[in-house]
Each structure stands twice: as structure tokens, then as C-alpha cells.
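Here are a few exercises to work through with the model open in your viewer. Try each task before you read its solution.

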Amino acid sequence: MPLRAKVTNPAFRTAAMSTSPTLPKELPGDEPDDVLFTSIYGLRSVELNRPKKLNSLNGSMARKILPRLKEWEKSHLANMVLISGAGSKALCAGGDVAALALQNEKGEAGQKASSEFFGLEYTLDHTIATYTKPVISFMDGITMGGGVGLSMHAPFRIATERTVFAMPETTIGFFPDVGASFFLPRLDGELGTYLALTSERLNGIEALYTGIATHYLHSSVLSSATQRLSELVFPDHMELPERLNIVNKTLAEFSVGLPQEESVRVLGDSRRAIDRNFKFNTVEEILQSLENESTNVQWAQKMLETLKARSPTSLKVTLRQLRLGSKWNISETFQREHEIAANFMRHPDFVEGVKARLVSKPARQASWQPASLSEVSHETVDTFFKIPEGQNRLELFSDVKYFKYPHQRFALPTEGEIEQYVRENRKESKQAITQTFVERWGHKEGVAVKVQDVLARRVQKDAKGLLEWISEKKAKAVNVEADVETKTKAESEDKSKSESS
């Protein structure tokens, strides 16, 4: 039976060490059962338990989860941690921003309290990102904002047919946080920029192909997978990499294949359009590129309408964040995001955005301040990345400073990994390269499709018949030609169908 979410060991209510933050204490007003903790043999389960609120994360929940994670990290009886959400609709739909916006209206004290919540949330996310035991997150249902922070930094991120992934922060006058500065710029091509600026939603299959999810399982097998994971036993001398490999193989046992009927918007022509339109370093250039888009016109028009409805300040800060974040280590990411979040708490767009999109019934278009991109100066954007005088950076429980996830190998191969192999094995055929990756990834579902898509977009044969990785500039020309050819073929087929009918 689930244990009440209450930390009983007083040792974990004190600072872990003088240079680390103090573990949070539960407060009198905290809900008693908004998080349920369960022990099943060696598996420790964290279940977010606010199904009516789509398991939105608040301070009460974070104050319970963080001390429990630190307790389990030291326990020899705890082999791994599973994070899930109650009900079938969501892992976690995000942070409880409506409460934060209401708090911000109280002035400086309320804004400070909101900043402290983000500090707590980011410390929790960083703890998951640097955890010394396997962490599995079931991204079953809506996984947005704060839910992404609880899953994206785990070695194992399980998408299902019910997964809906998004980072919707620019919609409410905020920025993609919870470590998005780290993981979004490290996605293939410009997928991260696209997801951050537009808040586009991905389904479970798309989450797998982008590398956001490491596995795709049907929701019907999650309980069986949980039971199987709980039965795993690791010898004390076994190092973390080997433990992770065992968990990975165990999860593979429950794969029932990928649905074939679903269209994937992050591959093929759609991916080409994303890369060529979102590669620029200013929002104005991205908008201009979309306006000039000649092959995916309908998609580009939708993106333009989407971006023009977003907070101009959020868009400019977010794009700067992604370009800088590609060079931040995992610890610096959360420290810098804490500074950006504190600045947004003092900006009018956050309260206005939350009220317009989440409080008003029906939702309305927000009145942003300022209302246009031209009014958001370079200097204004700079202020979001500055540390106020006399303010210290967010203290974290670990000083780990990696620049890429040490566990990314459990996801599908990245475009960078495919590029490296192609450059080193130019005499091989595309078919042979695909087979190599399929075998190296243990015949994982989706590997062949992912590799074939990358090879089709980025590889051609040179005059000597050797494979050649197409440079970004050349890829743009080749991809435009391919898009035109695809469009012409489609128009021809439509014409033929029309004539025959």
C-alpha cells in the first residue's frame, strides 16, 4: 500500500553539507497525500497524486519528493526509482502556475516566494539529472512543463500511445525551464528551437523519434513492466552503467512494436521545413523565413500565426536561452534558469499570460507588454540573464558538470552519431549503415526508420560513389529540391485523381 508522503527521518531535514542547500520541510498547509510513495522489493515509486489537477506540480509535492529521493539514494535496499502520475490523463501537466500568478500579484514578497518555488523545483530536477541510481519516468498522458522536468533528465523516459509532450511556456509569458536550456538545444537539428518557440505538442511516437523519450510502450503493459523491474536484483559491486543496461534490456521485453498508421511530423519533409526555418538567431529572421516558405506554405502560415500570438519578450528570451544553453553544463543550466525565472516573476507578461490562457473562461488572447518584437530591445533581453548584485546562485546538492547526458545511449541514435559513422565509413551502403545501427541498438523499435530518415535527408554519393554527408548549406538546397519534387508529385497525383473521377 502507498505510504503517506511524509518524511519521518529528521536527519534529512538538515543540510546535507555546508555547501549544499537545506532539504525542504513540509509546511502546515501542505496536502497530505498529493504524492504517494511505494516500495515494491527494490523499486521505489513516486506517484504524483493530483489527478483532478492533471498532477500539476506544486511546492507541497516538491517538498516531499526531494527529501525522499535523497533518502533512497543512500539506501542499499533501494535499487531504482519510478516516477508516474495518478490516473490515465497525465504524468504531470506542468507547475501550478495559476497559484504562482496569484501570488505574484501580492508584490515583491509574492514574487520572491514564486522564485523560491522555482528554486525548489529546479533543485529537484537537478537531483534527478545527477542521481546515482536508475530512474524511470512513465510519460503516460500529458507531460508538460514541470512534468518534463521530472522525466527528461531520467535515463529512461517511457512514452505511450497517450503521451502528449509540450513545453508551452511562451504561451503564458514565461520561458521553457526545468532544464530545457540543456536538453532542447541538444536535440537533432532545430527541433528544440521549434518546440520551444511554438509550444507544439508531440505524441508518443514523435517523442521517441526526437529523442525526448527513450522507449515506447503501450500503456497496458506499464503495470507488468513495473512488477518486472521491482524484481531486479543488483549486486552491491555492480556499477551504475551496468545497472542501467539491465534496466534497458528489461524494458525492451515489454515492447509490442510501434503503431504504423500514425504520421510522424518530425521526420522527412516536415523535419526539413523545421530545420531551414528555425535555424536563425533572431526571432525576426525566423518569422521572415516562414513568410518566404514556398513548399510547406500551410504549415508555415500556421507557425506564423502561432508565434505572433506568443509573448514577444518570451520569444526573444527563449531563443537567446537556447543558443546560450547549448554551451551550459547541467548544473549551470538550472542556476541560470533560476535567474531567468526570477526575472520573469517581476515581468507583467507572466501574470497576464496565465490569466488569459488558464484563468479566463473562455481563454482569451493575452495583452503582452510590450506588444511587439521591435519593442523588446537587446538590452531588455540581457537583463534576464544577469544576476542582481548581492544575490547568490542557486545551491545544488551535486556539483556534477556534464555537458551531455551520460545516459542518452538508451534513446534512438542521434543525427550526430549517424553523421560520425557516415564520415568514417563512406564506402558502406545506406542499407549496411542502417543494419549496423539496428544491431548496435539491439534491434530497438524505431532505429531503422530514424537512421533511414537521416540518411535520406543528409547523405548522398559523390562523384566517386562514396557517401558524402551534406553540409547544412548544401542540405538546404537539396532539401528544397526534394520538397519541390514531392509537392509536384503530389499535385500531379491529385490532378490524375481528379481527372479519373
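**Exercise 1.** Work out whether Tyr-194 is buried or exposed, then find its surroundings.

*Solution.* Keep in mind that this is a predicted model.

Step 1: start with accessibility. The relative accessibility of Tyr-194 is 4%. The cut-off for buried is under 20%, so Tyr-194 counts as buried.

Step 2: place the residue in its element. Tyr-194 sits in helix α6, which covers residues 191–198.

Step 3: list the neighbours, leaving out residues up to four places away in sequence. Tyr-194 then touches Ser-199, Glu-200, Ile-274, Phe-278, Trp-299 and Met-303.

Step 4: pick out two of these partners. With Glu-200, there's a polar contact from side chain to side chain at 3.5 Å. With Met-303, the separation is 109 residues along the sequence, yet the C-alpha atoms are 9.4 Å apart in space.

**Exercise 2.** Do the same for His-338: is it buried or exposed, and what does it touch?

*Solution.* Step 1: find the element. His-338 belongs to helix α14, residues 330–345.

Step 2: check the relative accessible area. The value for His-338 is 15%, so this residue is buried.

Step 3: go through the contacts, again skipping residues up to four places away in sequence. His-338 touches Ser-115, Phe-118, Gly-119, Tyr-122 and Leu-394.

**Exercise 3.** Describe how helices α17 and α19 pack, and say which residues meet.

*Solution.* Step 1: get the geometry. Helix α17 (residues 415–424) packs against helix α19 (residues 447–458) at an angle of about 65°, and their axes lie 10 Å apart. The crossing of α17 past α19 is right-handed.

Step 2: list both sides. From α17 come Glu-415, Ile-418 and Val-422; from α19 come Val-451, Val-454, Leu-455, Arg-457 and Arg-458.

Step 3: sort the contact residues by type. You should get five nonpolar, three charged and no polar.

**Exercise 4.** Figure out the strand order in the sheet that contains β4, β6 and β8, and which strands are at the edges.

*Solution.* Step 1: trace the order. The three strands run β4-β6-β8 in an open sheet, with parallel pairing.

Step 2: look for strands that pair on one side only. Those are β4 (90–92) and β8 (164–166), so they're the edge strands.

Step 3: check the twist, which averages 15° from one strand to the next.

Step 4: zoom in on one pair. Strand β6 (residues 142–144) pairs with β8 in the parallel sense over three bridges. Met-144 stands opposite Ala-166 of β8.

Technical notes:
Residues are numbered from 1 along each chain as its sequence is written. This is a predicted model: local features need pLDDT of at least 70, side-chain atom pairs count only at pLDDT 80 or more; totals for chains, interfaces and linings use all residues. Side-chain values use heavy atoms; hydrogens and water are left out. Axes are lines fitted to C-alpha atoms, for helices over the stretch in contact, and angles run from 0 to 180 degrees between N-to-C directions. Helices (H or I, at least four residues) and strands (E, at least two) are DSSP runs, numbered from the N terminus. A crossing is left-handed if the near helix is turned anticlockwise from the far one by less than a right angle, and right-handed if clockwise. Contact means heavy atoms within 4.5 Å. Ala, Val, Leu, Ile, Met, Phe, Trp, Tyr, Cys and Pro count as nonpolar, Asp, Glu, Lys and Arg as charged, and the others, Gly among them, as polar. Buried means under 20% relative accessible area, exposed over 50%, partly exposed in between (1.4 Å probe, protein chains only). A polar contact is a pair of N or O atoms within 3.5 Å; within protein, one must be able to donate a hydrogen and the other to accept it, and residues adjacent in sequence count only if both atoms are side-chain atoms. Two strands pair if DSSP finds at least two bridges between them.
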